[in-house]
Amino acid sequence: MTRPLERSIARISEQTITIAEGDFDTEVPVIGPREFKLLAEQFNGMSLRLKESFDNLHHSESARRELIANVSHDLRTPLASIQAFVEALEDDVIKDEETFQRYLNTIRLETKRLAGLIHDLFELSSLEAKGELFEPQPCHADELLISTLESFSFHLAEKRLAVEIDLPDKLPAAMMVPAQIKRVLSNLLQNAIQYSPEEGKITLSAAEEGRCLRISVKDEGEGIEAAETTRIFERFYRIDKSRGKNNGGAGLGLAIAQSIVEHHGGEIGVLSTKGAGSCFWFTLPIYSN
């Protein structure tokens, strides 16, 4: 009578040692008396939860290391450039006025870039800590779309991009902090302009979707690989790892947009096919009296 009990205890004891050694892909058979079946089920549940916790911890640690590496790189690059140009000016190796002014202009641009990166980091930190005053109010998205579009008129004209606005005749107001949602639209529109081909088209649209308002920014760029779309909203994540200061930002724009939208109680995402452009979208709760 005791042998089946002994075997069940022995199996659980063996698996306990296996888990202690770091192997969580293990289960004990759910057999034997009712009490031992219950114990085996609880043991397997514990093993599964430990595996999930370990995987999350490993992912968090990997993400932390990647974040530190990316922050260090994005801070080090402009600082190294500034240092090199300042040292050249200090050594009095620049004799002609044109080169002198070009060096000063480069220092100014790199300083501006560094300040922008630090500002984005503080903004993202403030959003995630809920440190910014959040008082949403009913606002019509069409007015916000037009005003945001106007601020990019020069960049649109520079690449000769056509803009199509697709809005219904009547659009309900949505609950938002206008300045924050304008930042989201600006980030999405800036990306659309950056990755659109010359003389391409960008489409801005908004539509009611259930109890939410869905706003989309679509471009005709190269599109995004399916594997990339799951990580594109991560801080400092870049699709093109080799792009430099002239080809893209620090990889914070979409992370900031995600934080803002989720703080509003909405969702953000992207629909994209490689070679067929991308459509970034986000939702906001509709205002109800």
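Strand β2 (residues 162-166) runs parallel to β4, and the two pair over five bridges. Keep in mind that this is a predicted model. One spot to click on in this pairing is D166, which sits opposite S205 in β4.

From there, follow β4 to its other partner. Strand β4 covers residues 201-209 and strand β5 covers residues 212-218; they run antiparallel, with seven bridges joining them. S205 turns up again here: its bridge partner in β5 is S216. So far, then, S205 has D166 across from it in one pairing and S216 in the other. A little further along β4, A207 faces R214 of β5.

What connects these two strands? β4 and β5 form a hairpin with two residues between the strands, and G210 takes a positive phi there, near 65°.

Next stop is the other pairing of β5. Strand β7 (residues 278-285) lines up with β5 in the antiparallel sense, again through seven bridges. C212 in this pairing stands opposite P285 of β7.

Here are the three pairings side by side:

| Strands | Sense | Bridges |
|---|---|---|
| β2 and β4 | parallel | five |
| β4 and β5 | antiparallel | seven |
| β5 and β7 | antiparallel | seven |

As background for looking at any of these strands, side chains in a regular strand alternate between the two faces of the sheet.

Now for the cysteines. How many disulfides does a search of the whole structure find? Zero. For reference, a disulfide would be a covalent bond between the sulfur atoms of two cysteines. As for individual cysteines, is C139 buried or exposed? C139 counts as buried because its relative accessible area is 14%, under the 20% cut-off. C279 is buried too, at 15%, and its number falls within the range of β7, residues 278-285.

Zooming out, the chain holds eight helices and seven strands. It has 289 residues, and 36% of them count as buried. The accessible surface comes to about 17,500 Å², with 54% of that belonging to carbon and sulfur atoms. If you care about contact order, take the contacts between residues at least 6 apart in sequence: 70% of them join residues at least 24 apart.

Notes: Residues numbered from 1 in each chain as written. Predicted model: local features only at pLDDT ≥ 70, side-chain atom pairs only at ≥ 80, totals over all residues. Heavy atoms only, no water. Pairing = 2+ DSSP bridges. Helix = DSSP H or I, 4+ residues; strand = E, 2+ residues; numbered from the N terminus. Disulfide = S-S within 2.5 Å. Buried < 20%, exposed > 50% of the residue type's maximum accessible area, 1.4 Å probe, protein only. Contact = heavy atoms within 4.5 Å. Areas by Shrake-Rupley, 256 points an atom, 1.4 Å probe, with all protein chains shown as cover.
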